[in-house]
Each structure stands twice: as C-alpha cells, then as structure tokens.
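Please work through the following exercises with the sequence and the model side by side. Each exercise gives a task and then a solution that proceeds step by step.

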Amino acid sequence: MGCPIDLVVNKGAGSALLTKPMRMKAIIEAASGTVDTPITIKVRTAYFEGKNRIDSLIADIGYWGSSAVTIHGRSRQQRYSKLADWDYIYQCAARAPDSLQVLGNGDIFSYVDWNKHKSDCPSLSTCMIARGALLKPWLFTEIKEQRHWDITSGERMNILKDYVRFGLEHWGSDRKGVETTRHFLLEWLSYTYRYVPVGLLEVVPQQLNWRPPSYYGRDDLETLMASDSAADWVRISEMLLGKVPDGFTFAPKHKSNAYDRAENG
C-alpha cells in the first residue's frame, strides 16, 4: 500500500489506497480472515505531500487485522525528493495499539542511522532497509558488527561475481540466461555507483541522499565502479559476462530520485 509507481497507482492500488481507507480496511480484513499467517502491510505517510494521514489510521490498521505495519516516511507525491520524516514515524509508533508492531523505513545507510532510530523511538519494533541495501549490500554486516566497513573494490567485485553466479544458476547459462542476468546486473549497477568508499569520505558516514561529485578511486576498478555512465556499467558487465550483443544499449528504468512535480504543482 506504499508503491508510488504510476503503473500501480493508476489502477487504484499501491499508494492510491491511502486515499481510500475503507478499501484498505476491506483488503486487510479479507486477507487476515483468509490465512493463518500474520498479515503485514507497508505504507507511506500519505498520498499527497503535506497531508499525512497514517497517524489517524494506525489504530484502525491494527484492529482491521494487520499484525505489523512498515511506515516509509515519505508521501507518494514526494517520491524520494526529500529526507524521510522519521519524527512522523515516531509519532505513528507512539499511537499504535500494543497488538500492532511498527517498523520504520527511509534513508538508513549506516549502523549509525539504525542505532539512532532504534534509540530515539523505543516504540519501534525494528527498522526496514530498502535502497540502502541496493547501494551497499554489506550494510547488514556493518549493523551487525557496529562498524564502517572500508570495503575494497576487489571485495565489491566478488559480491558482483556471486550475483552473476546466482543469476546464471537461476536463468541458465545460455544466451538468454546470460542477457537476463546482465539486464538485472546493470539495473543494480545503476544504484551501486552512488556508494563512496569510507576511506575517501571527508565526513563519515555517507548519507543516502548525497550526490557526491565525480572522483578518482584508490585503484582503476574503484574508479570504474564510481562512474555514473551506463557505458561503464556495461563494461563491468562484460568483465563478468562477456561482450554484449551487437547494438546493445542500456538505460535504467528506475526513478529512485523522482519527484512528481506535475501533481505537486
């Protein structure tokens, strides 16, 4: 109930449900009454910017039959253009009935962020990590070990190798399997380039909303991984999957920093 994508919202699903609480109620009640496993939902703060409404629905969500709710601290209209509103998440968690677990979501990119939210709001059951794991999949290790990991380019390449191996095992190693794996690898690389190695930062930790300038890494591979050029992402894919087919092009489909200006006036 939090997806902001036009394809979903235009069909009345995802974030569009935030404007129709009775439909939310019907879905949660139907799901919780049909299965024995706990029902959990994920929401944004609201559909329209400046018109938060989850705080007024949080008690009902529990009574309707949901066991847990994850709150992404942004409106649908906001997309990813501003920082997540964690104060509002805390407010919702404080209003939730005891039977409803509340998870917070938005901009967690280090163990420092994780610790702060858990400390600031004891009412939170835990936190959810989303884009941070796409940019920095070793984030969970950092949280577990409570440290900033200055990971090397070689270690990062090994993670990409594992990803490719999993892809080929799943989709097959024929031409179709290779190119399907390449497609998903390139989509992932369109996120990972935004990571800045700890050893190059002037301020630690990096924040998820930073847009750092171009920089040279500590070796050629680290520099290549920092490139925002799709052509360089293709080069990395060729290091792992061989040459791309003739006429191959790639453009990422995601809009992780989009802001729906038409709707926001």
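## Exercise 1: Backbone angles in the loops

Q146 is found in the loop between α7 (139–145) and α8. The model to be read here is a predicted one.

Task: Determine what sign phi has in Q146, and decide whether Q146 counts as buried, partly exposed or exposed.

Solution. Begin with the backbone: phi of Q146 is near 55 degrees, which is a positive value in a residue other than glycine. Then turn to the accessibility, where the cut-offs are under 20% for buried and over 50% for exposed, with partly exposed in between. Q146 has a relative accessibility of 37% and therefore counts as partly exposed.

Task: Carry out the same reading for D107, which lies in the loop between β3 and α5 (111–120).

Solution. The phi of D107 is about 70 degrees, a positive value although D107 is not a glycine. Its relative accessibility is 16%, so D107 counts as buried.

Task: Find which residue is joined to P205 by a cis peptide bond, and state where in the chain P205 is placed.

Solution. The partner is V204, and the omega of the cis bond between V204 and P205 is about 5 degrees. As for the place, P205 belongs to the loop between α9 (175–192) and α10 (220–225).

## Exercise 2: The sheet

Task: Give the order of the strands in the open sheet, and say which strands lie at its edges.

Solution. The open sheet is formed by four strands in the order β1-β2-β3-β4, and their pairing is parallel. At the edges are β1 (39–44) and β4 (126–128), each of which pairs on one side only. Between neighbouring strands of this sheet there is an average turn of 30 degrees, direction ignored.

Task: Describe how β1 is joined to β2, starting from the number of bridges.

Solution. Strand β2 covers residues 66–72, and six bridges join β1 to this strand, the two running parallel. Within the pair, V43 stands opposite I71 in β2. Strand β2 is mostly covered, since six of its seven residues are buried.

## Exercise 3: A residue in strand β3

Task: Decide whether N105, placed in strand β3 (residues 101–105), is buried or exposed, and list what surrounds N105.

Solution. The relative accessible area of N105 is 4%, and because buried means under 20%, N105 is buried. Leaving out residues up to four places away in sequence, N105 touches K42, T70, I71, H72, G73, A84, W86, I89, M128 and A130. With one of these residues, K42, the side chain of N105 makes a polar contact of 3.4 Å.

## Exercise 4: Helices against the sheet and against each other

Task: Establish which strands helix α4 (residues 86–95) lies across, and then how helix α3 (residues 54–64) packs with α4.

Solution. Helix α4 lies across β2, β3 and β4, and runs at about 180 degrees to β3. The axes of α3 and α4 are 9 Å apart, and the two helices pack at an angle of about 35 degrees. The crossing by which α3 passes α4 is right-handed. On the side of α3 the residues are I54, D55 and I58, and they meet Y88, Q91, C92 and R95 in α4. Sorted by class, this contact of α3 with α4 has four nonpolar, one polar and two charged residues.

Task: Describe in the same way the meeting of helix α8 (residues 153–171) with helix α11 (residues 230–241).

Solution. The axes of α8 and α11 come within 10 Å and cross at roughly 65 degrees, and the crossing is right-handed. From α8, the residues M157, L160, K161, V164 and L168 meet I236, M239, L240 and L241 in α11. By class, the contact of α8 with α11 comprises eight nonpolar, no polar and one charged residues.

## Exercise 5: A proline in helix α2

Task: Decide whether P21, found in helix α2 (residues 21–34), is buried or exposed, and name its contacts.

Solution. P21 has a relative accessible area of 19%, so P21 is buried under the 20% cut-off. Apart from neighbours within four places in sequence, P21 is in contact with R53, L57 and W64. Between the C-alpha atoms of P21 and A230, which are 209 residues apart along the chain, the separation is 42 Å.

How values were computed
Residues numbered from 1 in each chain as written. Predicted model: local features only at pLDDT ≥ 70, side-chain atom pairs only at ≥ 80, totals over all residues. Heavy atoms only, no water. Axes fitted to C-alpha atoms, helices over the stretch in contact; angles between N-to-C directions. Left-handed = near helix turned anticlockwise from the far one by under 90°. Contact = heavy atoms within 4.5 Å. Nonpolar A, V, L, I, M, F, W, Y, C, P; charged D, E, K, R; others polar. Buried < 20%, exposed > 50% of the residue type's maximum accessible area, 1.4 Å probe, protein only. Polar contact = N/O pair within 3.5 Å; in protein donor to acceptor, adjacent residues only side chain to side chain. Pairing = 2+ DSSP bridges.
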